[in-house]
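Visitor: I'd like to go through this one label by label, and hear what stands behind each of them. Could you show me the structure before we start?

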Amino acid sequence: MSDYIVLVKQVPDVSQITDNAFDPESGTLVRTRLANVINELDAQALAFAQYMKNISGDANARVVVLTMGPPMAEEVLRYSLARCADEVILLTDKALGGADTVATANPLAYAVRKIARDTLKNEKDYYVVSGMQSVDGDTAQVPPQMAEELGLPCIAYVTGAAFRNGRFEFTRIISGGSQVVAARKLPAVITVAKYEYPLFATFGATRRANKTKVTQWGSEDINATLIGVKGSKTAVIRVFPPGKSTRKCKHISDVKSLAQVIVDSVKGGDGKPGQGVQTGAERYILPKRRASLLDRRFEGLKKEQEDYCILGEQISKLGITDVSGISEADKEKILAAAGGNFHKTVLDNMITGYEATEPAFQGEVWVVAEHSNGQVHPATFELIGKARELADSLETKVGVCLAGFGIEPMANDLIAAGADNIYTIEHKLLGEFDPNAWRKAVADAVSAYWPQIVLYAATPQGRMLAPMVSYRVGCGLTADCTGLAIKDSSRKGEIGLLLQTRPALGGNVMATIRTKNSRSQTATARPGVMKRLPPDPSRKGQVIRHKVELTQDDICLEIIKTERGGGGVNFAADVIVSGGKGMQSRDNYEQLLGTLCEGLREKLQAKVERGASRAAVEQGFIERAHQVGQTGTSVAPKLYIALGISGAIQHMIGVANTETIIAVNSDPNAPIFKQCDYYIVAAIEDVVPKLAAAMKEV
Ligand SMILES: Cc1cc2nc3c(=O)[nH]c(=O)nc-3n(C[C@H](O)[C@H](O)[C@H](O)COP(=O)(O)OP(=O)(O)OC[C@H]3O[C@@H](n4cnc5c(N)ncnc54)[C@H](O)[C@@H]3O)c2cc1C
């Protein structure tokens, strides 16, 4: 019978952010001003492990809880003891601090090995259970990277479990639907995306929790190979406040005005989405293509750009033609003119930096394609659009890694979308997405061709595959990027780096990250943010067939059932009306949303389609094909009306390119009100019939 090693993390409580949590000068969040709590999804993972123990009927199964963090992280272990943990371990050491996900996954994996050896006595029948992601990092990378280090199967995005015929079957979220799977071998790692049945502390357990000694390990106890800043493969180079939403966020108090806004939005739309589409920032040019080698306007940091600007001006003023031979006297003059902006060492580094003209990384810019039923995922096309821009700047080619079975017919669409080379990995065992088999295939291709950049869509599949592949090939990874740009760090002699910008701490700060100690720069990018190029069927490209050896032993999951939304939904409609969990029932969805759609069709003479949030689909209000969002469809209508939808990031990603978003919600603090153009605070059952009637009058 199984035992459970649960991973938990202490995180800042981002749900309680007040104004004084922000630094007034930089506008960024000061973490020390926030209370610390157990990461919510880890609390759910703990409850999930206990649920697994209960349904397996094994009262003797052990629940061992592990956390890595500062000494005060002991609190989350006491939280766990007060609920169901039998044993708790705190991995704490200054040497472990400042780690990225690689240098977090690695020591955690070594600690799991030690628990398996010392506590579980090398018995193989155990699950490592963790939350899908932590609220401070939001990467979802640590569990798959840890699984990769341990050589274990990873079942990510789990939302349920059943115990049948002596083994667990897990329900999990996949792109476009859900799936029931079982691990083909144990141990296995599972990550919990949602389990909303909290565990409460008992009186007896709380008393025991306060008395129990927490086992503490330091880095020498586990002998991990990649720890702390040194072991990390990415570095944060800048943290800054997120830009304000460009949506209007206007409150509307009466139904008649709302009806008028609807008519104006569809009849008078300007064709431009409120946000999400990239604006044309200046395209990067390699130094050797610039008019002068002194032109260093593409430095990654504004300060470095400014310093080079001052230096360039002074060099021109002093009439210096040979930069490598600048005299000490001229340097003194430059430093005096710089007025303390930079000192002598920096000046020397900047001057040496002029010699840097070649990109620090070599190779193509790759996109790892995602597809199902012979159709390429829209996010793959968006990434090819971005890859084209990056590759043109770096004067290299766009490659697409296309793994699967029966895949070659998709190559033409990928080339038309902007790819030059399609690296196909065709194998019967890649017919369904199995993390281990796909990881083996894609890692094999990456290490055969060594692209300088590898991009994946930040879908459940991409966020699972990218950590495993990048960890396997020894490269850093940045999750869920919303910005990718090529920049230089001339002072360090590094040209053409991929700077990866992403939201962190629940979207409260933005971070720009670079890759280090790696041969490829790898990122997952948020669907709906990058821009797809118009297809050009006349483009020519090459198909390169890459062979990999795979056997049944490489398959880690048994897929029991897959449910994906079918076709038949016209998401190219002008107007999409979506219902969320707030619709309360299938009848409400049918009647209220149906009546409104009918009214809109008549009044606007436009195509109107029904959409839904994932929660509404899970409640059975409508079929999965209607789901909008990260794991549903990304839509870009003229008008999107959200009825009873809270505004979770996974939903809003799917509507980023919509022109106008209107939200109806009874909660005056609904998060969607900060991400829409117009909103009305009202109960759906009250407002929708009135709105349908008002549509006839405006
Ligand atoms: C990996 C992953 C992928 C996901 N992919 C998607 C995805 O593709 N699409 C998606 O939508 N979600 C997705 N989700 C789920 C997402 O996180 C949210 O759970 C989901 O979007 C919530 O749906 P909802 O807004 O309908 O429900 P809730 O968050 O429960 O919100 C319901 C809203 O209805 C309001 N309400 C209640 N009653 C009324 C009433 N009578 N009148 C008016 N308003 C009312 C409430 O105030 C509330 O704001 C994903 C999650 C994960 C982890």
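**Reading the labels**

Guide: Let's begin with Lys440, which is partly exposed, with a relative accessible area of 32%. Keep in mind that this is a predicted model.

Visitor: Why is Lys440 called partly exposed?

Guide: Buried needs under 20% and exposed needs over 50%. Lys440 has 32%, so partly exposed is the label.

Visitor: What makes Lys440 and Asp554 a salt bridge?

Guide: The N to O distance between their side chains is 3.4 Å, and the cut-off is within 4 Å. The pair therefore qualifies. Lys440 sits in helix α14 and Asp554 in the loop between β25 and β26, so the pair ties together parts 114 residues apart in sequence.

Visitor: And Asp554, is it buried or exposed?

Guide: Buried: Asp554 has 16% relative accessibility, and the label asks for under 20%.

Visitor: How do you know that Asp3 and Arg62 form a salt bridge?

Guide: Their closest N and O atoms are 3.1 Å apart, and within 4 Å is what counts. Asp3 belongs to strand β1 and Arg62 to the loop between α1 and β4, so this pair ties together parts 59 residues apart in sequence. Asp3 is buried at 3%, whereas Arg62 is partly exposed at 30%.

Visitor: How many salt bridges does the structure hold?

Guide: There are 41. Arg164, Arg167, Glu169 and Glu558 are even linked in a network of them.

Visitor: Why is Cys556 said to be in no disulfide?

Guide: A disulfide needs two cysteine sulfur atoms within 2.5 Å. For Cys556 the nearest cysteine sulfur, that of Cys154, is 8.2 Å away, so the label can't apply. The structure holds 0 disulfides. Cys556 is also buried, at 0% relative accessibility.

Visitor: On to the ligand. What makes the Ser646 pair a polar contact?

Guide: A polar side-chain atom of Ser646 lies 2.7 Å from a ligand oxygen, and the limit is within 3.5 Å. Asn665 passes too, with a side-chain N or O atom 2.7 Å from an oxygen of the ligand. Arg614 uses a backbone N or O atom instead, at 2.9 Å from a ligand oxygen.

Visitor: How much of the ligand does the protein bury?

Guide: The protein buries 82% of the 980 Å² that the ligand exposes when taken alone. The ligand is surrounded by 28 residues; by class, that shell has 9 nonpolar, 15 polar and 4 charged residues.

Terms used. Residues numbered from 1 in each chain as written. Predicted model: local features only at pLDDT ≥ 70, side-chain atom pairs only at ≥ 80, totals over all residues. Heavy atoms only, no water. Near = heavy atom within 4 Å. Polar contact = N/O pair within 3.5 Å; in protein donor to acceptor, adjacent residues only side chain to side chain. Areas by Shrake-Rupley, 256 points an atom, 1.4 Å probe, with all protein chains shown as cover. Nonpolar A, V, L, I, M, F, W, Y, C, P; charged D, E, K, R; others polar. Buried < 20%, exposed > 50% of the residue type's maximum accessible area, 1.4 Å probe, protein only. Helix = DSSP H or I, 4+ residues; strand = E, 2+ residues; numbered from the N terminus.
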